[in-house]
Amino acid sequence: MLLAPIIWVLTIGIVYFFVAKTWWFPPPINQHGLDYDAQFMRTLIVVGIVFTLAQFALGYVIAKYRKNGGKASFSHGNNKLETLWTSATAILFLGLVVMGTKIWAGVHFDEAPPDAIPIEVMAKQFSWSFRYPGPDGKFGHTDLHLVNDANGDPFGLDPKDPAGKDDLLSGSLKVPVGKPIKLIMHARDVIHNFFVPELRMKQDIVPGMEIPIHFVADKIGIYEVPCSELCGLGHFQMRTTMQVMSEADFEQWKLQTAANK
Amino acid sequence: MSAPSHAAHQAPKSFIWKYVFSLDHKVIGIQYYLLGLFSVLVGMSLSLLMRFHMVNPTASLAWIGKLWPTAAAGGVMTPELYLSLMTMHGTIMVFFVLTTVPQGGFGNYFLPIQIGAEDMAFPVLNMMSFWTTFLALVVMISAFFVQGGAPLAGWTGYPPLSGAGPLTGPGEGAGQTLWIISIAIFCGASLMGAINFIATTVDLRCKGMTLMRMPLTCWTWLVTAILGLLGFAVLLAAGVLLILDRHAGTSFFLPGGMMINDHIIANHKGGSPLLWQHLFWFFGHPEVYIAILPGMGVTSQLLATFARKPVFGYKAMVYAILSIGFLGFLVWGHHMFMSGMNPYSAMAFATLTMCIGVPSAIKTFNWIGTLWGGQIHFTTAMLFALGFVSLFVTGGVSGIFLGQPALDLYFHDTYFVVGHFHMIMGVAAIFGMFAGTFFWFPKMFGKMLNETLGKIHFYCTFIGVYCIFTPMHLVGIAGNPRRYADFTNVEYLAKLIPVHQFMTYAAYFTASVQVIFLINLVWSWIKGPKAPANPWNCTTLEWSVPSPPPHDNFGGVHPVVYHGAYEYSVPGAAEDFIMQNDPTPLPSGD
């Protein structure tokens, strides 16, 4: 009997924290993020109603139908009710998936636009590296035997390939604001995961696979990138940042990095 | 359908055949239960150490330094020790608690009695299945004591982290090998058990026990066994391939072109890390239902018994169990939305995942329908069953977020996932076990458990688990990745540390109130009041025999069943329940 008020209080408490948003998403920084948040809120409202109704109904029957010396009603069920709640749930659940399809398609079905800036990502235990193709727009050839982590080259740039001469390397990701970016992602040892909460996007990076993702970041700022797939003892420290810069700052950064090579 | 005599065997006289290598399903059921009880205490202790480390990453505890002189030199736990604890917590809980207790424990003890059989179909196989499980547990725990310690690749053991040997980290040498061997042995044990459960249900039902008269518990044990048979076979194969990759130079899961810890890996080429994930989750998702289905069965049984009403929509419940079992094999890809698999397949897996939510919702509706208009007796067993329903709803609805690939783009591998699966597969399933314990302890041990202690334990645990696992959803929404040893290296996680502290205190509280349960078990077993044959006025066959039942369950009598499993409060009947083997016809006709 005590259980009914406890269930109600817990339910109200849980609903409070989802309304108060004390611990919540960081603000999104692109259209995809806004769409994502809209889909999340749609789902949250549906789920919130289902959750609250179910818990309150449970509390209600617990409070109402406690033993009182009378006789329980006798019923083996009701096929009409079964059909009703089965189809209602199915429509609700499948409807949500259908509504979210466009968001998923935008990330995974659409190709990156042809003018997207390509950046290669190399994830390894327990650091991130990024490679830009330089003014020639071409990535140079790499070879694992030429890897020199101590010198800041986890890719293994081949000095004999002219296309690689102007490649730029960086330990953090720098991107220009409002431009389509295409990340070409590789992992050298185990599985890692590229995650920028503000982008509302993450992707596993798997050894032996080349996995591309693309996005646009519309807000200047520095955003953290925590590794989000268990990769070993340093997993919790495998962090870098994504800096979204004005186009001028980005060009300046490239020039400076090239000059410091 | 009457029980053939080959299942019966003489009652053993000597201690070793009666209590150790017993062929009696009842003794084996208790053995499984005790193995699970030991495992849950180990698994819970590991989780407390993890929760301690997450909020006190630099604290030094002398006794931890003594337990792990290398991994916690000076008493400060290292990140690799944290990951070992995490891996072993998940593995021990999933395999040796959630898989063994509901099925191997309660299923073993009560499936034969509830269907009117004298024993399982293959008693020797049953005994071997338990001792093989025991061996698997010994091998698993031994991983703590080898060079490098226990593995750190998580309970999912993704290669290359788990497949490339000690280069990928401490614990990835002998510890990871023992982990795989233990899992493979466990798979063998589960396959033996699954065959036995299926054969028993199909062949040994007594006269009159049609499938549609079976208690819902039996339906869930049957479907769980089918899931085990198909799932563990695949996991066994995957485990063998992983061992071959590690020790025989094959490349099933290891691609070429890897460089690990400054070493170029030249001897592997052409493998696929995703292949492991497909094989693992082909087992791993049905495993979720292996853990939760028996809890659903127990809950259905208890709600009817203590509301004094027939299960609402028995047939719908059976179809829901069957469709959960079937769809359970078609949704494994929702664990892999971010894995790099073909993004178009995500749409199919998402649609099927939402479909599997439907039978789960049906069950919830029917549980509330069962309670509606009832006369609810608030025994401790019933409280745990009601708690199960509440936790099942809470754990279930978060799945509606995670099942959408679009929303998983953010939530994958965050604490939102950790909160979700602990709610539903962890604590809801464990509430099913507590419910089963309070309901069946009188039958198993012939003594009643203490109701006052039971209720204190229930309320503390119910509030405690909500306090541990609800905040996980919130820090998940804030973007907290899972499997982090501490939260000091990522700036935006700093503001979440107070929430983690709260969860840690909630975990200490919840763990400590489990002492009440242990005291209740031991005290009641020794000093508890004697249990009558049918203390709950329940309808199913196990309550038609003495507590505890004789060696052959029915004392040489072959029971005959005349009614469905849940004939409560039938209008015109003398009492508010009609036992399944009561030959008097129902007043309103059957």
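**Chatting through the helices, domains and chain contact**

Author: Let's start in chain B of this predicted model: H15(B) passes H16(B) in a left-handed crossing.

Reader: Okay, how close do the axes of those two come, and at what angle do they cross?

Author: The axes of helix H15 (residues 451-477) of chain B and helix H16 (residues 497-527) of chain B come within 8 Å, and they cross at roughly 155°. That makes H15(B) roughly antiparallel to H16(B).

Reader: And what classes of residues are in the contact of H15(B) with H16(B)?

Author: There are 20 nonpolar and six polar residues in that contact, and no charged ones.

Reader: Switching to chain A, what domains is chain A divided into?

Author: Domain 1 covers 3-66 + 78-108, and domain 2 covers 117-259. Over C-alpha atoms, the centres of the two domains of chain A are 37 Å apart.

Reader: How many residues from each domain go into the contact?

Author: Ten from domain 1 of chain A and ten from domain 2 of chain A. On the domain 1 side, the largest share comes from helix H2 (residues 31-64) of chain A, with three residues. That side has seven nonpolar, three polar and no charged residues.

Reader: Now the two chains: how many residues does each of chain A and chain B bring to the contact?

Author: Chain A brings 85 residues and chain B brings 98.

Reader: Which element gives the largest share on the chain A side?

Author: H3(A) does, with 15 residues.

Reader: And how does the chain A side split into nonpolar, polar and charged?

Author: The side of chain A that touches chain B has 50 nonpolar, 23 polar and twelve charged residues.

How values were computed: Residues are numbered from 1 along each chain as its sequence is written. Chains are lettered from A and ligands numbered from 1 in the order in which they are written. This is a predicted model: local features need pLDDT of at least 70, side-chain atom pairs count only at pLDDT 80 or more; totals for chains, interfaces and linings use all residues. Domain bounds come from an automatic or database domain assignment. Two residues are in contact if their C-beta atoms, placed from the backbone, lie within 7 Å. Helices (H or I, at least four residues) and strands (E, at least two) are DSSP runs, numbered from the N terminus. Ala, Val, Leu, Ile, Met, Phe, Trp, Tyr, Cys and Pro count as nonpolar, Asp, Glu, Lys and Arg as charged, and the others, Gly among them, as polar. Axes are lines fitted to C-alpha atoms, for helices over the stretch in contact, and angles run from 0 to 180 degrees between N-to-C directions. Angles under 35 degrees count as roughly parallel, over 145 as roughly antiparallel, 65 to 115 as roughly perpendicular and the rest as oblique. A crossing is left-handed if the near helix is turned anticlockwise from the far one by less than a right angle, and right-handed if clockwise.
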